[in-house]
Amino acid sequence: MLEEIRRFLQHTPFQPFVIHTRGGEVLSVEHPENASVIGHYVTVLLPDGEQAIMLSALHLTGVSGLPAVEV
C-alpha cells in the first residue's frame, strides 16, 4: 500500500488521490506536498492546512485516484 502511495505522489503530472482507512475515513491528497511516506507510516496534511494525521500502513485499506473534473 505504501509503495502505491509513493507512486501516486511521484506521478508526473500529479493527479489527486484518496487514501482509505480501516476506520472508514477517506483522506484526500490534492497536492504532492500534502502527504509523505516515512518508514511504515503515511502522513497526510488535513484540509485546514494546520494539522496532519500519521497512519500506520496497518490502518490503510486502499488508495485510488480521483476522477478528472471537466472544466
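Visitor: Which residue in β2 stands opposite Val 18?
Guide: This is a predicted model, with residues numbered from 1 along each chain as its sequence is written. Local features need pLDDT of at least 70, side-chain atom pairs count only at pLDDT 80 or more, totals for chains, interfaces and linings use all residues, and side-chain values use heavy atoms, with hydrogens and water left out. β1 and β2 pair in the antiparallel sense over four bridges (two strands pair if DSSP finds at least two bridges between them). In β2, the residue opposite Val 18 is Ser 28.

Visitor: In what order do the elements of the protein run from the N terminus on?
Guide: Helices (H or I, at least four residues) and strands (E, at least two) are DSSP runs, numbered from the N terminus. The protein has one helix and six strands. From the N terminus on, the order is α-β-β-β-β-β-β.

Visitor: What is the radius of gyration of the protein?
Guide: The radius of gyration is taken over C-alpha atoms, and the globule rule is 2.2 Å times the number of residues to the power 0.38. For 71 residues that rule gives 11 Å, and the value for the protein is close to it, so the protein is as compact as a globular protein of that length. Along its principal axes the C-alpha trace spans about 35 × 25 × 20 Å. The radius of gyration itself is 12 Å.

Visitor: Which residue of β2 is the bridge partner of Ile 19?
Guide: β1 and β2 form a hairpin with four residues between them, and Gly 24 in the turn has a positive phi of about 90°. Across this hairpin, the bridge partner of Ile 19 is Leu 27.

Visitor: Is Leu 27 buried or exposed?
Guide: Buried means under 20% relative accessible area, exposed over 50%, and partly exposed in between (1.4 Å probe, protein chains only). In strand β2, Leu 27 touches Phe 17, Val 18, Ile 19, Thr 21, Val 44, Leu 46, Ile 53 and Leu 55, not counting residues up to four places away in sequence (contact means heavy atoms within 4.5 Å). Because its relative accessible area is 9%, Leu 27 is buried.

Visitor: Which residues of β2 point to the face where side chains are not buried?
Guide: In a regular strand the side chains alternate between the two faces of the sheet. Along β2, Leu 27 and Val 29 point to one face and are buried. Pointing to the other face, and not buried, are Val 26 and Ser 28.

Visitor: What is the relative accessibility of Thr 21?
Guide: Thr 21 is found in strand β1. Four of the five residues of β1 are buried, so this strand is largely enclosed by the rest of the structure. Leaving aside neighbours within four places in sequence, Thr 21 is in contact with Leu 27, Leu 55, His 59, Leu 60 and Thr 61. Thr 21 counts as buried because its relative accessibility is 7%.

Visitor: Which residue of β6 is the bridge partner of His 20?
Guide: β1 also pairs with β6, in the antiparallel sense over five bridges. In β6, the bridge partner of His 20 is Gly 62.

Visitor: Which element gives the most to the largest nonpolar core?
Guide: A nonpolar core is a set of buried Ala, Val, Leu, Ile, Met, Phe, Trp, Tyr and Cys residues joined through side-chain atoms within 4.5 Å. The largest one has 15 residues, and those with the most contacts inside it are Ile 5, Leu 9, Phe 17, Ile 19, Val 29 and Val 42. At least two residues each come from α1 (2–10), β1 (17–21), β2 (26–29), β3 (35–38), β4 (41–45) and β6 (60–65). The element that gives the most, with three residues, is α1.

Visitor: Which residue lies after the cis peptide bond that starts from Thr 12?
Guide: The bond has an omega near -5°. The residue at its far end lies in the loop between α1 and β1. That residue is Pro 13.
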